[in-house]
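Colleague: Could you take one part of this model and go through it closely with me? I'd like the pairing first, and then whatever packs around it.

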Amino acid sequence: VRVAVSSVPAMALLPQALALFRAELPATALEFSEGLAPMVLPALRDGLLDLALVQHRMERTGPEFDCEELLTTPLAICARVGHARARVRSLAALQQEEWVGWDRAMVEDLFAGSGTEPPQRIVGSRSMEITRALVGRGDLVSVFARPVVDRELARHGIRTIPVRERLPELTISAITRRGAQPTPAAAKFLAAVRAAAKSLRY
């Protein structure tokens with residue numbers, strides 16, 4: 001089974017889904033690759049993947065794909081423990097900070113509707129490891145899916161900044177090629193992913 005996984009479902013869903021899958025098919029070969037939706041969809045289209053598990057907000061997958069929403073999760077603004085702005089409660093108070101996110105639009109979306117101009121300093125990072133290092137061991141601010149903070153990032157010294165503003169939500173979806181018949185193993189893996197997502201729904 002060949003699966004592309006972006007960072008949020010990798011941390012929030014993959015360990016439990018793998019355990020459920022292995023309980024039924026302990027010897028089936030699995031291959032995981034990492035990437036965001038725009039990066040992995042061409043391989044899915046070409047039949048090089050069975051499934052993509054991705055986080056997204058506004059991407060359109062196209063008519064050649066089936067997109068199943070698994071989980072909608074709150075976002076959380078985060079900084080390292082001891083950050084100078086860790087106790088603020090508004091986006092405006094974070095406007096002058098340097099941010100890191102998977103693209104500039106993601107950070108700008110957080111500020112949309114709040115009456116505050118978006119930050120001028122936004123570092124783009126397509127890697128969760130890089131983002132975690134910049135936030136956990138530096139002074140950058142970022143936004144993560146709440147399950148990732150709760151399950152993975154807190155132990156790296158990263159904490160939420162509970163701002164008053166309502167933040168957008170992030171959707172985790174399973175994407176497959178429309179009309180493609182999944183292998184029995186791929187169907188079992190998707191069922192395990194669905195079960196893991198169900199246990200996490202807020």
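Modeller: Two strands count as paired if DSSP finds at least two bridges between them. Strands themselves (E, at least two residues) and helices (H or I, at least four) are DSSP runs, numbered from the N terminus. Bear in mind that this is a predicted model, where local features need pLDDT of at least 70, side-chain atom pairs count only at pLDDT 80 or more, and totals for chains, interfaces and linings use all residues. Residues are numbered from 1 along each chain as its sequence is written, and side-chain values use heavy atoms, with hydrogens and water left out.

Let's start with E4 and E9. They run antiparallel and are joined by nine bridges. One pairing to look for is Asp-66, whose bridge partner in E9 is Thr-176. E9 also pairs with strand E3 (residues 51-56), again in the antiparallel sense, over five bridges. There, Ala-52 has Ile-175 of E9 as its bridge partner. E4, which covers residues 65-80, is also joined to E7 by four bridges, and those two run antiparallel. Cys-78 is bridged to Ser-142 in E7.

E7 itself (residues 142-145) is covered on both faces: Ser-142 and Phe-144 are buried on one side, Val-143 and Ala-145 on the other. By buried I mean under 20% relative accessible area, by exposed over 50%, and by partly exposed anything in between, using a 1.4 Å probe and protein chains only.

For a single position in this part, try Thr-171, which sits in E9 (residues 169-177). Thr-171 has 12% relative accessibility, so it counts as buried. If you skip its neighbours within four places in sequence, Thr-171 is in contact with Val-54, Gln-55, His-56, Glu-69, Leu-71 and Thr-72. Contact here means heavy atoms within 4.5 Å.

Another one worth clicking on is Ser-6, in the loop between E1 and helix H1 (7-12). Its relative accessible area is 1%, so Ser-6 is buried. Leaving out residues up to four places away in sequence, Ser-6 touches Gly-35, Leu-36, Leu-53, Val-54 and Gln-55.

Now for the helices. In H3 (residues 37-45), the buried residues are Ala-37, Val-40, Leu-41 and Leu-44. Looking down the H3 axis, they fall within an arc of 115°, so they line one face of the helix. That arc is taken from the directions from the helix axis to the C-beta atoms. What do the buried residues of H3 pack against? They pack against E3, E4 and E9, along with strand E1 (2-5). After H3 comes Gly-47, with a positive phi near 80°.

Then there's H7, with 17 residues (184-200); at 1.5 Å a residue, it should span 24 Å, and its end C-alpha atoms are 25 Å apart, which agrees. That expected span is 1.5 Å times one less than the number of residues. Buried in H7 are Ala-185, Ala-186, Phe-189, Leu-190, Ala-192, Val-193, Ala-196, Ala-197 and Leu-200. They cover an arc of only 155° around the axis, which puts them on the same side of H7. Over on the other side, Pro-184 and Lys-198 are exposed.

H7 also holds Ser-199, which is partly exposed at 47% relative accessible area. The Ser-199 side chain reaches the backbone oxygen of Ala-196 at 2.7 Å. I'm calling that a polar contact: a pair of N or O atoms within 3.5 Å, where within protein one must be able to donate a hydrogen and the other to accept it, and residues adjacent in sequence count only if both atoms are side-chain atoms.

So what fills the inside? The largest nonpolar core has 57 residues, of which Leu-13, Leu-53, Leu-70, Ile-77, Trp-99 and Phe-189 touch the most other members. H7 gives the most to this core, with nine residues. Apart from it lies another core of ten residues, including Val-40, Leu-44, Val-54 and Ile-175. A nonpolar core, for the record, is a set of buried Ala, Val, Leu, Ile, Met, Phe, Trp, Tyr and Cys residues joined through side-chain atoms within 4.5 Å.

Leu-13 is a handy place to finish. Not counting residues up to four places away in sequence, Leu-13 touches Val-8, Leu-70, Leu-71, Ile-172, Val-193, Ala-196, Ala-197 and Leu-200.
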